[in-house]
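Student: I have a structure open in my viewer and would like to reason through it with you. Could we take it step by step?

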Amino acid sequence: MSDFLKVIDNRNSVRSYSDKPLPEDVLRTLVEAGLKAPTAANKQEIHFTVVGKEDPVQAEIQKDLNPDAQNTFYYNAPVTIYLSGDESFKWSAVDAGIAVENIHLAAQALGLGSVILGCMERILNGEKKEEYCKKLAFPEGYGYQVAIAVGYPEATKEPHTFDYEKNVSVI
Ligand SMILES: Cc1cc2nc3c(=O)[nH]c(=O)nc-3n(C[C@H](O)[C@H](O)[C@H](O)COP(=O)(O)O)c2cc1C
């Protein structure tokens, strides 16, 4: 099996991270994996905002989301990358999904762990949307699409099982 297919085979969402910070060059490689993703009509409209775990915006989102949660929404990963997209472009959500998966697989290939994050959507697109768009440096007219927490895994789990018969039709 090719190394790439092994990465897909072993990929899983990581929800426990060590405190070890991500080196600059590794972070750059991850963001570039997102930038290399295809976009509809090659519009390249997805914006990437890199946020360290100590940034006050992380605590503010946590407070608005669930101040009593046992774990943070980013599982204390050293870095969370927020993907925002042009809200007037109908493919922004799809393009962000493809870009975030590129980052997720690149992290796996580099021996890192990551988890795609959608749970903050109601906060980031809610009543404080304008404030959060500014704090997260989204370009004008952009809105939150998805995010990904990345770091060195403290624990991983088995890849999920799937039901080929249920989810696939060959016609
Ligand atoms: C669009 C999207 C949003 C997600 N949001 C969250 C989230 O907010 N928090 C979380 O812990 N996992 C989140 N996940 C991860 C899924 O829960 C995970 O992919 C799923 O349980 C399957 O597990 P696996 O990735 O380990 O195979 C999200 C995944 C996707 C694709």
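**Strands, helices and the ligand shell**

Tutor: Gladly! Of the 5 residues of E3, 4 are buried, so this strand is largely enclosed by the rest of the structure. Keep in mind that we are looking at a predicted model.

Student: Which strand pairs with E3, and in what sense?

Tutor: There are 5 bridges to count here, and the pairing they make is antiparallel. As one example of a facing pair, Val115 stands opposite Ala149 in E4. The strand that pairs with E3 is therefore, in the antiparallel sense, E4.

Student: Which residues surround the ligand?

Tutor: Let's walk along the chain. An early group is Asn12, Ser13 and Arg15. A run then follows with Val115, Ile116, Leu117, Gly118 and Cys119. The list ends with Val146, Pro159 and His160.

Student: Which strand gives the most to the shell around the ligand?

Tutor: Look at the residues 113-117, which form one strand. With 3 residues, the strand that gives the most to the shell is E3.

Student: How many residues of the shell around the ligand are nonpolar, polar and charged?

Tutor: Sort the shell by class, beginning with the 1 charged residue. The polar class has 4. The nonpolar class has 6.

Student: How many residues of strand E2 are buried?

Tutor: Strand E2 covers residues 79-86 and is largely enclosed by the rest of the structure, because every position passes the burial count. The number of buried residues is 8 of the 8.

Student: How many bridges join E2 to E4, and how many join E1 to E2?

Tutor: Both pairings are easy to trace. E2 and E4 run antiparallel and are joined by 8 bridges, one pair being Asp86 with its partner Tyr142 in E4. E1 and E2 also run antiparallel, and there Gly52 has Val79 in E2 as its bridge partner. The bridges joining E1 to E2 number 6.

Student: Why do the buried residues of H2 line one face of the helix?

Tutor: The buried residues in H2 are Leu30, Ala33 and Gly34. An α-helix has 3.6 residues a turn, so residues three or four places apart point the same way. Seen down the axis of H2, the buried residues line one face because they fall within an arc of 105 degrees.

Student: Which exposed residues does the face of H2 turned away from its buried side carry, and what do its buried residues pack against?

Tutor: The face turned away carries the exposed residues Glu24, Asp25 and Arg28. On the buried side, the packing partners are strand E1, helix H4 and strand E4.

Student: Is Glu32 buried or partly exposed, and how far is its C-alpha from that of Ala106?

Tutor: Glu32 is found in helix H2. It has 13 C-beta neighbours inside 10 Å, so Glu32 counts as partly exposed. Glu32 and Ala106 are 74 residues apart along the chain, and their C-alpha atoms are separated by 9.6 Å.

Student: What span does H4 reach, and which elements do its buried residues pack against?

Tutor: H4 has 18 residues and reaches 26 Å from its first C-alpha to its last, close to the 26 Å expected at 1.5 Å a residue. Its buried residues include Ala96, Val100, Ile103 and Ala107. The elements that the buried residues of H4 pack against are H1, H2, E2, E3 and E4.

Student: Two residues other than glycine caught my eye. Where are Gln44 and Tyr75, and is each buried or partly exposed?

Tutor: Gln44 has a positive phi of about 50 degrees and sits in the loop between H2 and E1. With 13 other C-beta atoms within 10 Å, Gln44 is partly exposed. Tyr75, whose phi is near 55 degrees, lies in the loop between helix H3 and E2. Having 20 C-beta neighbours inside 10 Å, Tyr75 counts as buried.

Student: Which residues does Ile123 touch, not counting residues up to four places away in sequence?

Tutor: Ile123 lies in helix H5 and is buried, with 20 other C-beta atoms within 10 Å. Its C-alpha is separated by 9.4 Å from that of Gln62, 61 residues apart along the chain. Beyond its neighbours in sequence, Ile123 touches Ile61, Asp64 and Leu65.

Note on methods:
Residues are numbered from 1 along each chain as its sequence is written. This is a predicted model: local features need pLDDT of at least 70, side-chain atom pairs count only at pLDDT 80 or more; totals for chains, interfaces and linings use all residues. A residue is near a molecule or strand if its C-beta atom, placed from the backbone, lies within 6 Å of it. Ala, Val, Leu, Ile, Met, Phe, Trp, Tyr, Cys and Pro count as nonpolar, Asp, Glu, Lys and Arg as charged, and the others, Gly among them, as polar. A residue is buried if 20 or more other C-beta atoms lie within 10 Å of its own, exposed if 12 or fewer, and partly exposed in between; C-beta atoms are placed from the backbone. The arc is that of the directions from the helix axis to the C-beta atoms. Two residues are in contact if their C-beta atoms, placed from the backbone, lie within 7 Å. Two strands pair if DSSP finds at least two bridges between them. The expected span of a helix is 1.5 Å times one less than its number of residues.
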